[in-house]
Each structure stands twice: as structure tokens, then as C-alpha cells.
Amino acid sequence: MVRLPFRDGFYELRPGKIVALAKNYAEHAREMESEVPERPVFFLKPPSSLIGPGEPIILPRMSRRVDHEVELAVIIGKRAKRVPREKAMEYVLGYTILLDITARDLQAEAREKGLPWSLPKGFDTFAPVGPRVVDKRELKIDDLEIGLKVNGQLRQLGRTSEMVFKVPELIEYISSVMTLEPGDILATGTPAGVGPLSHGDRIEAWIEGIGNVEFDVLAEGSILC
């Protein structure tokens, strides 16, 4: 569970599932040497991967390369099953920032062997979120700047208008496959510029209208000084 500021109080993020989109920005699909999909491609991250501001991202020993991916996260507000896109936003509670941290070398192995992405996407600390939850009534998400820096160096910069599939389309498609429950998180994909992280790095991520969130990166077994 992660507790974030929301309205005049706090919201406890306790998702039953984190549904994450792959290749939902065309330039990111190209940098991964993939085709832009004809329909949404998604995978699941475990709720145990969630961390909040002030907690470090841990680089697991079994991976040689761990990458950052900054994403707009949509928090579901009520049970959604087979929801048409015209009504999809009625099922949204609000928004936050989520980093889809990925063990890229393990993902490459999984792709080569035709295996799911549970391992490369599912380590503890691989879904940092923050800095707050913004009520859907307070923010139009159609064209927001989204970006990420590592140690002050710009790595990712894009706009939510560049999504291949917009949020209403995503909710329509995903809810036709699986029921979305209150508190579930939908991570909507990342712009181009993903790259590796190292022990001691400092990540700063932002989305216009939501704010900035920072995380330290530590190797497994190290101690934050």
C-alpha cells in the first residue's frame, strides 16, 4: 500500500492489479525495434512492486540492466466491465505518475523464449508512484508534458497526446478482457528515451499538472547513507 496526497486528505493505493501498456508511444516502439501495435498490448505488474516517494528503487542482482520508463497512471474509481469508450472516463478516479521499471536484459531473454514479462517487470520496487493523486475533475490529460531526468540529465520528454491509444480506448479494450476494480492502476505507456539505471542515480520524473517525484536508485544489498 502507498499513501499519497489526494484532494484535502490522502488516498491509499491498494490495487488488485497494475495493468501496464506496451508500445503505446510510437517513438518508444521504434526505439525498441518493434512495430506500432494495431490494438493495445498490455501486461500485469504485481501490486507488491509499488513504492512511494522516499523509498528507493532496488536494482536486483539477477539483472545486468534495469531501465526507467515514466508513465501517466490512471486510477480506476469504480468497477468497470465492458465499458464503451464514450463512458470510460466515468470510471476514472484520478491520476498519478508511475515508473515502469524494467529489467531489460531479462525482458529480452523472455521475448526470445516466448515467455511472459512477469519476471522483468515484477521485482519489488519496480512500480514507483507519486507525488500525489490528482482528481480527474482537476486535470485534462489529452496533451500534458511528461518527462524524466537521471542525475539532472534529460532522458525522456514527450506529451500524452502522443499516445497511440488514448485512455478511453484503453479502458474500453482492457475492460472487455478483464474487469477493472476500484483502486486498480492503468499505466498508459512511456515516451521514447528509456535508458539504464545505476547504483547511486537520482531519478526525477514529472507530468504537467501532477507535479514532480524523485527516487534514489540502489543496488540490492546496499545501504542508503
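The following paragraphs describe the overall dimensions of the chain and then one sheet with its neighbouring helix. The model is predicted, so that local features require a pLDDT of at least 70 and side-chain atom pairs a pLDDT of 80 or more, whereas totals for chains, interfaces and linings use all residues. Residues are numbered from 1 along each chain as its sequence is written, and side-chain values use heavy atoms, with hydrogens and water left out.

The chain contains four helices and 17 strands, taken as DSSP runs (H or I, at least four residues, for helices; E, at least two, for strands) numbered from the N terminus. The radius of gyration, taken over C-alpha atoms, is 16 Å, which agrees with the value near 17 Å expected for a compact globule of 225 residues under the rule of 2.2 Å times the number of residues to the power 0.38. Of the 225 residues, 52% are buried, that is, under 20% relative accessible area with a 1.4 Å probe, protein chains only.

An open sheet of three strands follows the order β10-β7-β15 with antiparallel pairing, where pairing requires at least two DSSP bridges between two strands. The edge strands, β10 (102-103) and β15 (195-196), each pair on one side only. Strand β7 (residues 66-68) is joined to β15 by two bridges in the antiparallel sense, and Asp67 lies opposite Pro196 of β15.

In helix α2 (residues 104-113), the buried residues are Arg104, Asp105, Leu106, Gln107 and Ala110. The cover over these buried residues includes β7, β10 and α3 (118-121), and Gly114, just after α2, adopts a positive phi of about 70°.

Key: Buried < 20%, exposed > 50% of the residue type's maximum accessible area, 1.4 Å probe, protein only. Contact = heavy atoms within 4.5 Å.
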